[in-house]
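Biologist: I should like a close look at a single part of this model, with an account of how that part relates to its surroundings. Please treat it as one connected description.

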Amino acid sequence: MPESGVGSAASGGARLLGLIVDLVIAALVTAIFLHPSLQDPAAMQEFNLWSGGVWAVISVLSAGFFGFTPGMGVVGIRVARLDGAALVGPPRALVRAVLTFVIIPAAVRNADGRSWLDRLTGTVVIKMR
């Protein structure tokens, strides 16, 4: 991989911003069907549970079939397989989503910029532009 520019490892900041955009999109989609009520903890718990599910579906389908989530597309990054295959595929995308939900595997990175979840799934998040 190149040191910088297109095809280089994405920064942690870009990855975090992409995740935040994805979470906001999931909450907005959930709000279409289930209205949040900030004064009702049970309603908010249900809203948050559904938002997490919507985020998982968006993440697995878009990363699995297109190589990036909507949030990743906004910040100009994507997931690539190290073996050169064109698609990440739903199974790897599902593992990535589960490990992102756990947080620690997504946050801990090594010197080449790859997180634990990247290493476990044989992927890397790279810059598209």
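Modeller: A helix here is a DSSP run of H or I covering at least four residues, and helices are numbered from the N terminus. On that basis Ala-97 lies in helix α4, and this helix is the part I shall describe. The model is a predicted one, and the values below are computed from it.

The length of the helix can be checked first. α4 covers residues 90-102. The expected span is 1.5 Å times one less than the number of residues, so the 13 residues of α4 should span 18 Å, and the end C-alpha atoms are indeed 18 Å apart. After α4 comes Ile-103, which has a positive phi near 80°.

Next, which residues of α4 are buried? They are Ala-93, Arg-96, Ala-97 and Leu-99. Burial is assigned under 20% relative accessible area, and Ala-97, at 7%, therefore counts as buried. Leaving aside residues up to four places away in sequence, Ala-97 touches Trp-55 and Val-60. Phe-65 offers another point of reference: its C-alpha atom is separated by 14 Å from that of Ala-97, and the two residues are 32 apart along the chain.

Arg-96 leads from α4 to a set of charged partners. Side chains of opposite charge can pair when their charged atoms come close. The side chain of Arg-96 meets that of Asp-118 in a salt bridge, at 2.6 Å from N to O. Since Arg-96 belongs to helix α4 and Asp-118 to helix α6, this pair ties together parts that are 22 residues apart in sequence. Both partners, Arg-96 and Asp-118, are buried.

Asp-118 has a further partner. Its side chain also forms a salt bridge with that of Arg-15, with 2.9 Å between N and O. Here the parts tied together are 103 residues apart in sequence, because Arg-15 lies in helix α1 and Asp-118 in helix α6, which comprises residues 116-121. Arg-15, like Asp-118, is buried. Arg-15, Arg-96 and Asp-118 are thus linked in a network of salt bridges.

The count of salt bridges comes to three. Besides the pairs already described, Arg-81 forms one with Asp-83, in which the closest N and O atoms are 2.6 Å apart. Asp-83 is exposed, with a relative accessible area of 53%.

Finally, α4 contributes to the largest pocket. Rolling a probe the size of a water molecule over the atoms shows where empty space is left. The largest pocket holds about 610 Å³ of space. At least two lining residues come from each of α1, α2, α4 and α5, and the largest share, nine residues, is supplied by α1. The lining comprises 27 residues, and those nearest the pocket centre are Arg-15, Leu-19, Trp-55, Thr-100 and Ala-106. Two of these names have appeared already: Arg-15 as a member of the salt-bridge network, and Trp-55 as a contact of Ala-97. By class, 16 of the lining residues are nonpolar, seven are polar and four are charged.

In summary, α4 has Ala-97 in contact with Trp-55 and Val-60, Arg-96 joined to Asp-118 by a salt bridge, and at least two residues in the lining of the largest pocket.

Note on methods: Residues numbered from 1 in each chain as written. Predicted model: local features only at pLDDT ≥ 70, side-chain atom pairs only at ≥ 80, totals over all residues. Heavy atoms only, no water. 1 Å grid on protein atoms, 1.4 Å probe; cavity = no way out; pocket = protein on both sides within 12 Å on 5 of 7 lines; lining within 4 Å. Points joined across faces, edges and corners; volume = space filled by probe spheres on them. Nonpolar A, V, L, I, M, F, W, Y, C, P; charged D, E, K, R; others polar. Salt bridge = Lys/Arg side-chain N within 4 Å of Asp/Glu carboxyl O. Buried < 20%, exposed > 50% of the residue type's maximum accessible area, 1.4 Å probe, protein only. Contact = heavy atoms within 4.5 Å.
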